[in-house]
Every structure is written in C-alpha cells, then in structure tokens.
Amino acid sequence: MISLCDIAKIFNAGKTNEFSALHNVSLNLRMRETIVLKGPSGSGKTTLLGLVGCMARPTTGRIFLNDREITSLPERFLTEIRRSTFGFIFQQFNLIKGISALENVMIPAYPTGEKNSLLRKRGLEKLEMFDLGKRANTRIEFLSGGEAQRVAIARALINNPAIIIADEPTAHLDSKLSNEFMEIMKDLKAAGTTIILASHDPIVYNSALADQVVEMRDGQVVKDGRL
Ligand SMILES: Nc1ncnc2c1ncn2[C@@H]1O[C@H](COP(=O)(O)OP(=O)(O)OP(=O)(O)O)[C@@H](O)[C@H]1O
C-alpha cells in the first residue's frame with residue numbers, strides 16, 4: 001500500500017511567486033492495482049506522481065510505502081528507493097537521441113554498478129519482451145513512434161520495478177498506439193506490477209484496467225473512486 005496523509009506541496013514558499021500545487025491530499029493506493037489520476041492541466045497530477053515516485057518531497061504531510069515512512073528519509077535512501085522500486089514513463093518518452101535503443105534502456109541501471117555485460121543482457125531481454133531485439137542497436141531517431149514507445153516502456157522496466165509511474169503516456173500517441181500501450185500495461189498488471197497513470201485521455205481513465213480513478217482539480221482530490 002502507498003498511503004499519502006494530508007499532503008501539501010508549495011512551490012517557491014515564502015516568495016512572491018509562492019504557489020500551492022497540492023493541498024489536503026490523502027489517498028491509499030493498493031499494490032498490484034492500476035490507479036489513474038485524472039484531471040485538467042495544472043490540477044497537480046504530475047506533482048503528485050513526483051512525490052509518490054520519490055522525486056520530490058511534500059512540503060507537509062507524510063507518505064508511506066508499504067508501511068515505511070519515506071517522507072523524512074535522507075536523500076540517498078530516497079534515491080535508492082526510487083531506483084529499486086519505480087519505473088518511469090514520461091509524456092514524450094524522454095529518449096536520448098544519438099544513442100541506440102539498447103543504450104537508452106540501460107540508462108536507469110547504470111547507478112546499480114552492475115557489470116556492463118550484465119546490463120546489456122538485461123536490456124536486451126527487456127527489448128525482446130516487446131519484440132525489439134532486432135532494433136537494439138538502432139539509434140532512437142530511426143525508430144517508429146510505436147517502437148520508441150516500447151523502448152520507453154522497456155527502459156522503465158530495466159530495474160524490475162514493483163511500481164510503474166506514467167505521466168500522460170498516451171498524450172502524443174494516436175488511438176491505435178494508445179490502445180497498444182494499455183495492452184502492455186494489462187500484461188504488466190497481470191504480472192503483478194502496480195501501475196500509476198496520470199492522464200486526461202479517456203482511453204486511459206475509462207480503461208477496464210483501472211481499479212481506482214482519482215479525480216483532481218486545483219491541487220485537491222475531488223473524487224476517489226474504486227471501480
Ligand atoms: N517547480 C514548480 N514551480 C512552480 N510551480 C510549479 C512547479 N511545478 C509545477 N508547478 C505548478 O503547479 C501546478 C500543478 O502542476 P502539475 O504539473 O502537477 O499539473 P498537471 O495536472 O500534471 O498538469 P499537466 O496535465 O499540464 O501536466 C501548475 O499550476 C504548475 O504551474
């Protein structure tokens with residue numbers, strides 16, 4: 001279970017441009033389920049994903065990951081939890097041009113300090129999961145949109161995360177690729193992965209995959225429904 005207790009996030013606190021991005025947010029997210037954060041642009045979805053994924057800390061409130069309070073942990077522990085527990089998929093995939101699909105997939109695993117040959121093997125396995133073994137040495141800019149999407153998912157899986165966090169993953173995809181993305185999420189869920197998606201795409205929030213849909217507006221949860 002991931003529990004958020006009375007979370008607030010204030011940017012630029014004490015300055016003239018102080019902004020309250022999240023307030024009074026309390027949520028329970030169950031492991032092995034699929035949770036969708038839904039809401040208009042600026043409602044706080046990305047900020048919330050960042051807190052859950054240990055990329056930032058709340059200004060006030062506490063976050064528990066499987067009963068361990070993570071909010072007050074020193075930075076090096078947060079970094080370790082982030083690396084070992086979470087896989088991230090970003091809106092425009094954030095793949096690095098000029099290097100190969102395989103090198104992109106390996107990037108989140110470099111800090112583990114594992115031998116390069118082992119990392120390459122692991123990266124290839126992930127690419128092969130998505131039928132991309134043949135494209136391993138192809139530079140990112142030569143891949144199709146669908147291939148790039150699957151490389152981004154393979155990269156998120158390189159450290160075998162228990163939790164996948166995806167921020168507007170279908171925002172730049174056509175309906176066919178969006179549905180393909182959800183099919184891949186379905187397989188990951190079946191394998192026991194917890195999936196947290198932020199999206200205002202009906203293909204995502206109306207998906208049968210969603211166990212919980214959290215609706216956000218102006219930095220607050222306005223609806224928290226289990227389906
Ligand atoms: N580092 C920051 N400094 C100041 N304000 C920020 C910062 N990050 C986010 N915000 C503000 O917090 C609010 C919530 O942003 P957030 O990105 O979480 O919303 P969102 O629901 O994910 O929107 P989108 O769908 O457009 O990504 C926005 O008004 C944004 O401008």
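This report describes the shell around the ligand and then helix α6 in a predicted model.

Residues are numbered from 1 along each chain as its sequence is written. Because the model is predicted, local features need pLDDT of at least 70 and side-chain atom pairs count only at pLDDT 80 or more, while totals for chains, interfaces and linings use all residues.

Around the ligand there are 13 residues, of which Phe11, Ala21, Ser41, Thr46 and Thr47 come nearest; a residue counts as near if its C-beta atom, placed from the backbone, lies within 6 Å. Helices (H or I, at least four residues) and strands (E, at least two) are DSSP runs numbered from the N terminus. Both β2 (19-29) and α1 (45-52) supply at least two residues of this shell, and α1 gives the most, with 3 residues.

Helix α6 comprises 16 residues (175-190), and its end C-alpha atoms, 23 Å apart, agree with the 22 Å expected at 1.5 Å a residue, where the expected span is 1.5 Å times one less than the number of residues. The table lists its residues by burial, judged from the other C-beta atoms within 10 Å of a residue's own, placed from the backbone (buried, 20 or more; exposed, 12 or fewer; partly exposed in between).

| Class in α6 | Residues |
|---|---|
| Buried | Ser178, Phe181, Met182, Met185 |
| Exposed, other side | Lys176, Glu183, Asp187, Ala190 |

The buried residues cover an arc of only 95° around the axis, which puts them on the same side of α6; the arc is that of the directions from the helix axis to the C-beta atoms. Just after α6, Gly192 takes a positive phi of about 100°.
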